[in-house]
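User: I've got a model open and want to go through it with you piece by piece. Can you take my questions as they come?

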Amino acid sequence: MVTKVSKWGNSLGLRLSKSIIQSLNLKDGSEISITEEGGRIILEPKSRDLTMDELLKGMDSKGILKQYTEVESVGKEQFWNDEEK
């Protein structure tokens, strides 16, 4: 991708293409780390702390991920919640 540096108030700014924004899951207000290395500018999304909703996504009311309860035994293994089945 080629883009131009543009005046933005007293600063200079860059525009990112939609494909880059989507692939990096950037949103308005996302923080980006900017470093310079060997004459190159490196932009990296700053990792962020997950919200409680994001951490609990996919869990039922008992805190069990559905992906672990919706599988059948294929051998002699037993799941810790077999008594509920």
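User: What pattern does the protein chain follow, read along the sequence?
Analyst: Sure, and keep in mind that this is a predicted model. The protein chain has 3 helices and 4 strands. Read along the sequence, they come in the pattern β-β-α-β-β-α-α.

User: What share of the residues of the protein chain count as buried?
Analyst: Take the surface to begin with: the protein chain exposes about 8300 Å², and carbon and sulfur atoms supply 53% of that. Buried here needs a relative accessible area under 20%. Of the 85 residues, the share that makes that cut is 5%.

User: Among contacts between residues at least 6 apart in sequence, what share joins residues at least 24 apart?
Analyst: A contact here is heavy atoms within 4.5 Å. Among the contacts in the protein chain between residues at least 6 apart, those joining residues at least 24 apart make up 2%.

User: How many bridges join β3 to β4, and do they run parallel or antiparallel?
Analyst: Some of the facing residues can be named: Glu36 stands opposite Ile41 in β4, and Ile32 stands opposite Pro45 in β4. The two strands, β3 and β4, run antiparallel, and the number of bridges joining them is 6.

User: Which residue in the hairpin of β3 and β4 takes a positive phi?
Analyst: The hairpin has 2 residues between its strands. A phi near 60 degrees turns up there, and the residue that takes it is Gly38.

User: And which residue other than glycine has a positive phi near 55 degrees?
Analyst: Most residues other than glycine have a negative phi, so a positive one is worth a look. The residue sits in the loop between α1 and β3. At 53% relative accessibility, it counts as exposed. With phi near 55 degrees, it's Asn25.

User: How many buried residues does β3 have among its 6 residues?
Analyst: β3 is hardly covered. β3 and β4 are also the elements that give two or more residues to a nonpolar patch on the surface. As for buried residues in β3, the count is 0.

User: How much accessible area does the nonpolar patch have together?
Analyst: Its members are Val5, Leu12, Leu14, Leu16, Ile21, Ile32, Ile34, Ile41 and Leu43. One of them, Leu16, is found in the loop between β2 (11-13) and α1, and is partly exposed at a relative accessible area of 34%. Together the patch comes to about 830 Å².

User: Which residues is Met1 in contact with, leaving aside neighbours within four places in sequence?
Analyst: Met1 is found in the segment before β1 (6-8), and at 59% relative accessibility Met1 counts as exposed. Met1 and Ser19 are 18 residues apart in sequence and 10.0 Å apart in space, C-alpha to C-alpha. The contacts of Met1 beyond those neighbours are Arg15, Leu16, Ser17 and Ile20.

User: Which residue forms a salt bridge with Glu31?
Analyst: Side chains of opposite charge can pair when their charged atoms come close. The count for this model comes to 1 salt bridge. Its closest N and O atoms are 3.2 Å apart, inside the 4 Å cut-off. The partner of Glu31 is Lys46.

User: How many residues apart in sequence are the parts that this pair ties together?
Analyst: Glu31 lies in the loop between α1 (18-23) and β3 (32-37). Lys46 lies in the loop between β4 (40-45) and α2 (52-56). So the pair ties together parts whose separation in sequence is 15 residues.

Conventions: Residues numbered from 1 in each chain as written. Predicted model: local features only at pLDDT ≥ 70, side-chain atom pairs only at ≥ 80, totals over all residues. Heavy atoms only, no water. Salt bridge = Lys/Arg side-chain N within 4 Å of Asp/Glu carboxyl O. Pairing = 2+ DSSP bridges. Patch = residues over 30% accessible without salt bridge, like charges linked within 9 Å, V, L, I, M, F, W, Y side chains within 5 Å. Areas by Shrake-Rupley, 256 points an atom, 1.4 Å probe, with all protein chains shown as cover. Buried < 20%, exposed > 50% of the residue type's maximum accessible area, 1.4 Å probe, protein only.
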